[in-house]
Amino acid sequence: MKPTLLNRSITFLFLAVFLLTVLYITSVIIRIPSIGAVLTSDAEGNYFVKSTEPAGQATMKGIRAGDQLLEVNGKPANEFHNVIRYLTIEYADNVLVRHKNNTEQLFDFQKGWNGEHSLWELTLQLYIPGISLVIFFAFSAFLFIKRRYDKSVLLLIVFFISIGISYYSSAASYRSDPVGNSVLYLLLPMIPLLFMTFMNSYLQRFDDKFITKPALAFLFLLTSIVGVMSLLYFWTSLFTIDVYNYIMMAFSGVVLLCNLVCVFKLVEKFIKSRNTKLRSLFTITLITHLVAFTPFAAFNLLPQMFGQQQLLPAAFTALFLFVLPVVYFYLSTSSQLFDIDFILTRFKYYTALSFLPSAIIAGFVAFLILGGNSPSWSAWFGIFFVIHCGMTLFLYVKELIDQRFRPRLFKAMHSYQDSLDRFSRKVAKVMKQTDLEDVLRQEISALLPVNRISFLLVDQADNSVTPMGAQPEELITSEFLLGTMNDLQIGELIELPFGLGLVIGRQRTKYHIMWIGMKTNHTRFNSDELRWLKTMSNYASIVFENLFLIESIIHDLELEVRKEQAHSPWVVRLLFCLSENERKKLAADLHDSALQDQLLWYRKLEAIMMDHPLSDKLGQELEDIKEGLLDVIHQIRETCNELRPPLLKEMGVIEAVESIIEHTQMRVNFAVEFHAKPFMEPLNEEQITAIYRIVQELLRNADKHAQAKLVRLRLEQRLGKVYFHYEDDGVGMELDQLQASFEHMGLSGIKERVIGLEGEISFNSRRGEGLEVSIVLPEMTTSSRLERGISFDSHLVS
C-alpha cells in the first residue's frame, strides 16, 4: 500500500472522527453523573427497580432492587422519555419511589459540571476506560509508525481502536446517550469479526486462512442487521420498548456468537498446528482471546440474553481486555515467544490449589456483606471469581518473589545452591574414587554439623559391610544395610537407624554407600537439607559410574596390551584415534596461544618501526628481528598444519592427498605422480585421516631415506574397498632389513594404522630397485562401528 492523498485523507478523517467521539463521550461522562438504575415493568404498567450499578447515584442514595418507581420530575413514571425508551431514569432531576416497606421517598439528583460524581464512579467509568483507551491508541500508533503499509497491521489497529472506543463509550451508554449507545452497539459485535479478518490477512503469508469468506460475510451481515435495528431504535420512534428488549437480546446473542466462532476457529487452528512451528503462536492467541473476552461474555452477555441481572459489573469484566495490548505488543516486539506450556501448567496447578480456599473465603465475605440475608448464587459466584483470580495471581507473584528475594533473605537456602555449584565444579576434576569421596566429605562437613561421615561397601556376594567396628550403632547399621541391600537404588537417599545413607554407586555386586551420622545439635534433617543431600547423591552417583567405566576400559586395555599375540585391531585403532585428538588439541593450543602472541609482537614491532625515527643500523637490526618473527610464525603454522590439517573432512580423500603432495613438492627434489579415480561412496573422517597420514609418512620416507627421483601414487575405490599403491625409484632395501627399519623409518606406524582399520598391507623391495607398498582397506561407511562395546565415530578424530 503506497502513501497517496486518498490514504492520507482517510487517515485524517478517521482520526478526526475518533477524537470528536472521544471528546463528546468525555463531556457526557463528566457533565452527567450516572444514576445507574435499571427498571422493569409489570403487566399493569408499573415500573420497578431491577438492579442498580455499584457506582451510580441510585446505590449511593439508597434506591434498592424491588423499589417501585412512582414519579420522575414530579410526573408519572410512564411519561419520562428514558423510562419509556430505555427502562432507565438517567437525566432525571428527582424521582419518587416506594420502598418494599411501603414507605415513599423523594430522591434529588444533581446534574451539570458540579454533579455528584463519586470517586468510585469516575474510577470505573472514566479513569480506567480512559487509561485503556490511551494504551490501545498508543499501541496502535506504534504499529502504524512501524508497519503502516502492511494490510494486516492496519486491520489489527482497527481491531484495537474498536476495543478501546467500545469500552470507553460504555459509560455514555449507561447514561442512555444515543451516541454512546450507537458506538457500543455498532462496534462491539464487530470486534471479533475484525480479529478474524486480521487473522485471514495475516495467515495469507503462510498460504492459510482463518475462516472462509462466506462464513465471515454471513457474520458481517448478521451484525449489520442488528446494528441497523439498534440505530433505528436510538434515533427514531419506529419501535416500542418491547422491540428494544428483543434488540438487546439479539445484540447480546450476536456478540456471543461471533466470539464463540472466533474461539472455535482458534481451537481448530491450534489442533491443526500443534505439531508445527505455529503451535506456540496459536496457543498464545487462543489463551489471550479467552482471558480477554470470556469474563464479559459469561458474566454480562449471557445474563442479559436471558433477561437476568449481570453477575459482575461490565466495568470490571472489561478490565480483562488489558491483556490484549500487552500480549500483542510482546508478540510484535519480541524475537522469542514465552513458554506458554510452562505457564499453562503453572496456571492449572495454582488454579486448583486456590479453588477451595477461595470458595470458603467467598462464603464468609458474602455472609458478612449481606448480613443475615441469604446470599444469592450470583452474588456468591461474583465474589468467588474475584477472590479466586486474586489468589491465583498471588501465587504467580509469590513464585517470582521466591526466585528473586528468597536467596537473599534466607542465606541457608542460598548456601545450598552455592554448595551444589561448587561441588559440580570440583567433581569435574575428579579422576579417582578416593578424590570423589574427599570432595563429598568436604562439602557435607562444611554445611552440616554431623558426628560421622564414612564410606561403606555393602557386598551382596559376601553378605558383608566394610569397614565396620564393634560399636553398637555400627553393628545395628550394618545389620540394617544387609537386610535392605536387595532394595537399594543408585542415587537413593535412605534413612538409617543412626543417620542417613547416600547410595553413590554400584560396582558389580558391591554398593558404595556414604553414611552420614546424626546431627550434633540433636535436630532432625529438614526438607532443604534432605533435598540438597538427594541432589548431591545423584551427582556423585553419575561421577562414580563414569569413574568405574573408565577404570574398566583401562583394565581391558591393559589386558590387551599384555597379550603376547599381535595387537587387537580395536586397541590399535583406539590409540590412533586418541593420538589424533591430542594432535588436534596441541595444534589448537599452538594456534591460539603461541601463534597469536608472535603475531601480536610482529605488529607491535612493525608499528614501532613506522612511527619512530630509527638509525640505519638499528633499523636493519629490527628488520632482521622482523624477518625472524615471520620465520617463526611460518614454522608454527607449518607445525599446526602438520599436526592437524585443516578442513580434512570437507576436502575429501582425493583433495586431501593432492594437498599434501602439493605441499611436499615445494620442499623436495623428487617428482610425484598421482592417479586417482573418483570415489562412488564417501569415506568417513577416520579413513581420510589414515590415508592422509600414510601418504604423509611415505613421502617423508622418500625424502629422507629413499633418495628417489620419482614417486607414483594410485588411489581408487572398487566394490566399496579402498586400494592404494605407492612406488618409488629410490635405493630400495632388502625385506629382511625392512623389518629392522620399522622402528626408525616410520613404516611400522603405517602398518599399525592399516591393522587398526582391519586392512591388508604388503611391501615389495630390493636393493637398488625402489620400494612398493600396496594397501587395501575394507568397506566402512560414514556411520560409526561398534566393537567390544566401544563406538569409533568421526568425533574421535574431529
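This is a short walk through one five-stranded sheet and one residue, Thr466, in a predicted model.

Some ground rules. Local features here need pLDDT of at least 70, side-chain atom pairs count only at pLDDT 80 or more, and totals for chains, interfaces and linings use all residues. Numbering starts from 1 along each chain as its sequence is written, and side-chain values use heavy atoms, without hydrogens or water.

The sheet, then. It is open, with strand order E12-E13-E14-E16-E15 and mixed pairing. Strands (E, at least two residues) and helices (H or I, at least four) are DSSP runs, numbered from the N terminus. Two strands pair if DSSP finds at least two bridges between them.

Which strands stand at the edges? E12 (671-676) and E15 (760-765). Each has a single partner strand, so one side of each lacks a neighbour in the sheet. From one strand to the next, the twist averages 10°.

Look at E15. It runs antiparallel to E16 (residues 771-777), and six bridges join them. Glu760 has Val776 in E16 as its bridge partner.

Now the helices. H22 (residues 653-665) lies across E12 and E13 (710-718), at about 175° to E12. H25 (residues 747-756) lies across E15 and E16, at about 150° to E15. Axes are lines fitted to C-alpha atoms, for helices over the stretch in contact; angles run from 0 to 180 degrees between N-to-C directions.

Last, Thr466, in strand E8 (residues 464-466). Buried, exposed or in between? Thr466 is partly exposed (between 20% and 50%, 1.4 Å probe, protein chains only), at 38% relative accessible area. Beyond its neighbours within four places in sequence, Thr466 contacts Phe455, Leu456 and Leu457, contact meaning heavy atoms within 4.5 Å.
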